[in-house]
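Me: Could you take me through the side-chain contacts here, beginning with one salt bridge and working outward from it? I'd like a close look, with the cut-offs spelled out as you go.

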Amino acid sequence: MKSHVQVAVIGGGVVGCSVLYHLTKLGWKDVVLIERSELTSGSTWHAAGGFHTLNADTNMAALQGYTIQLYRELEEISGQSCGLHHVGGLTIACDQDRMDFLTAERAKHRYMGLETEIVGPEEIAKLSPITNTDGVIGALYDPLDGHLDPSGTTHAYAKAARIQGAEIYLRTMVKALTPRGDGTWDVVTDKGTVHAEHVVNAAGLWAREVGEMAGVTLPLHPMEHQYLVTDDTPEVYERDEELPHVMDPAGESYLRQEGRGLVIGIYEQSCDPWAVEGTSWDFGHELLPDKLERIAEPLEYAFKRYPVLERAGIKRVINGPFTFAPDGNPLVGPVPGLPGMWSACAVMAGFSQGGGVGLTLAEWMIEGEPSRDVFAMDLARLGVSAEGTYCTKVYTREKVVENYQRRFSIGYPNEELPVGRPLETTPAYGIWKSQNAVFGAAYGMEAVNYFAPEGEEPYEIPSFRRSNAHDTVGEECRAVREAVGLNEVHNFGKYAISGPGAESWLNHIMGNRAPKPGRMALTPMLSPKGKLIGDFTMSCLGEAEYMLTASYGAQAFHMRWFLQNLPDDGSVTVENISKQRIGFQIAGPNARELLSRVADIDVSKEALPFLNTRRCNVGLLPAIICRVSYTGDLGYEIYVDATHQPALYETLTQAGADLGLRPFGMRAMMSLRLERGFGSWMREFRPDFTAAETGIDRFIRFEKNDFIGRDAAAAERDTPPARGLATFVVDADDADVVADEPIWQGDDVVGFCTSGGYAHYIGKSVAIGMMPRELIKDGASFEIEILGERRKATLVTEPLLDPKGERMRG
């Protein structure tokens with residue numbers, strides 16, 4: 001065993017072996033994998049081995065496509081067969097909502113280059129004669145779907161990694177992980193200690209236990225999963241070609257050929273979490289007791305969908321555990337606050353995603369950042385850090401059960417899942433609840449989506465089309481534009497930056513210049529390659545005292561970057577105050593009048609102009625006022641200590657009673673911002689877009705000369721990027737753009753939508769999209785595909801409301 005390595009990967013399943021292989025592929029050879037038993041122990045050996053590209057997140061789908069295409073390369077390098085069967089796959093729809101979902105997914109695939117297609121019942125019957133198409137409307141067919149040999153594939157990764165310089169230590173138990181204080185770790189095993197510059201937790205079923213060794217709580221939980229293997233079946237082995245996979249979401253099942261028989265797997269509602277108190281170190285190559293009663297009902301449904309199953313005997317039952325995160329995506333990346341500690345776990349679809357996970361982690365570790373946006377599997381999205389995660393153990397388990405049960409459920413764009421809520425709330429939660437608020441949740445925190453009319457159930461019906469909230473949201477928007485609206489500002493991430501080095505540090509990590517006392521500035525935060533890490537508002541509250549605001553859901557993501565780039569001399573202090581400093585924004589033509597009634601300072605345009613900030617008293621309360629509003633209207637953000645929020649509400653509502661003050665939610669906010677063409681984090685502003693592509697390079701001050709990402713941003717300043725964002729007015733029917741819809745010009749897909757919706761005040765359906773820069777011309781005509789229909793879309797180059805910003809700055 002080596003005494004020192006660049007990387008120690010813990011866990012010999014398919015994910016750990018993929019990470020090891022990709023590290024060697026990208027050039028790091030001094031890497032080892034440590035496995036307490038044998039390769040494939042845990043979940044890998046009993047996996048059903050299916051792979052597919054279908055994923056609601058386009059970047060995850062692309063990484064799944066990479067994984068599937070990688071297997072031929074692995075076979076060539078290793079000489080080890082992966083047992084590949086590229087047989088294609090059908091996902092069938094038995095109702096219009098499912099068909100809408102599959103049609104929307106097919107639309108995304110157009111610009112991703114995936115050759116999927118929508119097929120009808122007759123084609124389904126030709127592709128899979130054993131499938132009963134009664135009640136089936138259609139299906140999505142993907143020719144890349146298939147299955148493989150889990151053991152052979154894992155050993156192919158391992159052998160290829162060994163050929164390229166890696167070492168693998170089997171039957172070696174990790175006992176402890178000890179940080180040295182310089183970002184490196186001692187990996188203590190039963191056969192000696194390895195000093196590692198980086199440690200990767202790819203421990204699968206034991207990822208929780210390995211995480212705890214390093215002092216980090218990982219929000220994942222194992223679930224039991226059963227599938228059946230049938231005896232040889234004539235309808236299978238008498239065919240000239242292999243049957244395709246069939247996923248039947250209505251029946252909660254998947255089916256594929258296995259040799260001369262079939263495999264049928266069930267994601268049942270009556271499911272069981274496994275190893276609630278932790279995974280035993282003695283577990284490894286065992287299966288769990290059969291629990292056929294748990295899948296009796298969906299199995300009966302499967303017999304109707306696939307009548308051949310009634311005649312096929314059961315050869316064996318597989319019941320084994322595998323791990324989920326609360327949202328079903330992997331937990332990948334560097335652990336915030338633990339230098340040198342990396343995660344590659346909760347990969348429940350290891351043979352669809354394992355290659356992409358390995359590539360992502362290797363790029364991140366070696367090159368400093370991944371080549372694409374991987375926020376959907378970044379463990380920071382769930383608040384994971386050395387200080388903990390908002391995902392409590394019970395919350396994690398309940399959300400994992402929910403996710404398992406919804407494995408084949410439709411993901412509606414407006415749907416808010418009920419389990420594990422409310423987890424975190426602000427003091428205003430009870431106020432909103434008494435006003436019939438309909439809540440959403442992000443990063444564990446409840447936020448108002450809209451206020452249902454009196455007497456109506458506070459529930460938004462999930463839909464791909466305009467929902468029952470449509471008219472009410474329109475009323476909230478008009479209240480903002482015509483009078484004054486009130487909305488919580490707790491759903492911004494907020495950070496207090498202080499110390500003698502604060503100004504120079506902000507100038508180093510932000511594209512814009514740190515503002516002077518009393519001033520505010522908008523700014524991108526860039527990676528060294530010029531990709532977006534965040535879009536921030538910087539407010540200077542005094543000498544060497546700043547407040548940063550950004551997306552609430554990116555707190556751990558942003559804190560990780562801050563901590564990675566803090567100076568060693570202690571001259572800068574960064575504190576996450578997202579829950580401590582909250583309040584409200586007021587916006588609309590009456591906002592200034594309302595604020596003037598309750599603030600003890602002059603809030604006139606001359607005394608408190610746009611992008612200025614002041615400390616003052618609002619009613620009885622010390623407050624910070626920021627002259628800015630995401631609505632694009634005259635507005636103010638008012639921040640107080642969290643304990644003062646209810647009092648601030650009373651102060652504002654009493655003073656605004658005769659001004660038309662009305663609360664509004666996030667549905668209205670996202671509609672209002674479209675009228676001004678404002679981008680949104682993880683929509684227009686993503687980690688695989690640059691400042692120049694998104695237009696926020698206008699906030700960069702290149703004369704600073706020394707800030708992260710300057711060289712890459714300057715290169716795009718001198719040679720503009722090939723693509724950019726554009727806004728469209730869409731001739732929509734009863735469904736608006738959500739995200740990822742293709743943009744057509746004639747017979748060619750030329751771009752994709754980043755977001756959209758209905759702009760209520762101006763009465764237009766609006767979309768924002770990424771497309772070739774040379775096509776961005778005012779009045780240019782395109783089509784955007786919405787739920788399978790190509791709708792006319794006219795490009796506009798000025799904001800649809802207040803193009804000169806006179807209301808916003810007034």
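Reply: Happy to! Let's start where Lys-393 and Glu-212 bring their side chains together in a salt bridge, with 3.8 Å from N to O; the term means a side-chain nitrogen of Lys or Arg within 4 Å of a carboxyl oxygen of Asp or Glu. This contact joins distant parts of the chain, as Lys-393 belongs to helix H11 and Glu-212 to helix H6 (residues 207-213), 181 residues apart. Helices (H or I, at least four residues) and strands (E, at least two) are DSSP runs numbered from the N terminus. Please keep in mind that this is a predicted model, where local features need pLDDT of at least 70 and side-chain atom pairs count only at pLDDT 80 or more, while totals for chains, interfaces and linings use all residues. Residues are numbered from 1 along each chain as its sequence is written, and side-chain values use heavy atoms, with hydrogens and water left out.

How open are the two partners? Lys-393 counts as exposed because its relative accessibility is 58%, whereas Glu-212, at 46%, counts as partly exposed. The cut-offs are under 20% relative accessible area for buried, over 50% for exposed, and partly exposed in between (1.4 Å probe, protein chains only).

A search of the whole structure gives 43 salt bridges. One of a different setting sits inside helix H3 (residues 96-112), where Glu-105 and Lys-108 are three residues apart, about one turn of the helix. Their side chains meet at 3.0 Å, N to O. Glu-105 is buried, with a relative accessible area of 3%, and Lys-108 is buried too, at 9%. Glu-415 also bridges to Arg-406, with 3.2 Å between the closest N and O atoms; Glu-415 is partly exposed at 22%, and so is Arg-406 at 24%. Salt bridges can also join up: Glu-224, Glu-268, Asp-272, Lys-291 and Arg-294 are linked in a network of them.

Charges meet rings as well. Arg-407 lies over the face of Tyr-267, 5.5 Å from the ring centre, and Arg-717 does likewise over Phe-702, at 4.5 Å. To qualify, NZ of Lys or CZ of Arg must be within 6 Å of the ring centre and within 35 degrees of the ring normal. Tyr-267 has ring company too, as one member of an aromatic cluster with Tyr-254, Phe-322, Phe-324, Tyr-404 and Phe-408.

That brings us to ring pairs. Rings of Phe, Tyr and Trp (its six-membered ring) pair if their centres lie within 6.5 Å; planes under 30 degrees apart are stacked, over 60 edge-to-face, and the rest tilted. The count under this rule is 29 aromatic pairs. Among them, Trp-432 and Tyr-649 are edge-to-face, with 5.5 Å centre to centre and 90 degrees between the planes. Here again distant parts of the chain are linked: Trp-432 is in helix H12 (residues 429-434) and Tyr-649 in helix H17 (residues 645-655), 217 residues apart. Both Trp-432 and Tyr-649 are buried.

Tyr-649 also pairs with Phe-584, this time tilted, at 6.1 Å centre to centre and 50 degrees between the planes. Phe-584 lies in strand S28 (residues 581-587) and Tyr-649 in helix H17, so this pair ties together parts 65 residues apart in sequence. Phe-584 is buried at 0% relative accessibility, and Tyr-649 has a relative accessible area of 10%.

Now back toward our starting helix, for some backbone details. Helix H11 spans 393-405, and Pro-422 sits in the loop between H11 and H12. A cis peptide bond joins Arg-421 to Pro-422, with omega about -5 degrees. Elsewhere, Ala-275 has a positive phi of about 50 degrees although it is not a glycine; this residue is in the loop between strand S16 (261-266) and helix H8 (296-305), and it is buried, at 17% relative accessible area.

Finally, what about disulfides? With a disulfide taken as a pair of cysteine sulfur atoms within 2.5 Å, the count is zero. Cys-17 has its nearest cysteine sulfur, in Cys-82, 12 Å away. Cys-540 is buried at 2%, but its sulfur is 11 Å from the closest cysteine sulfur, in Cys-626, which is too far for a bond.
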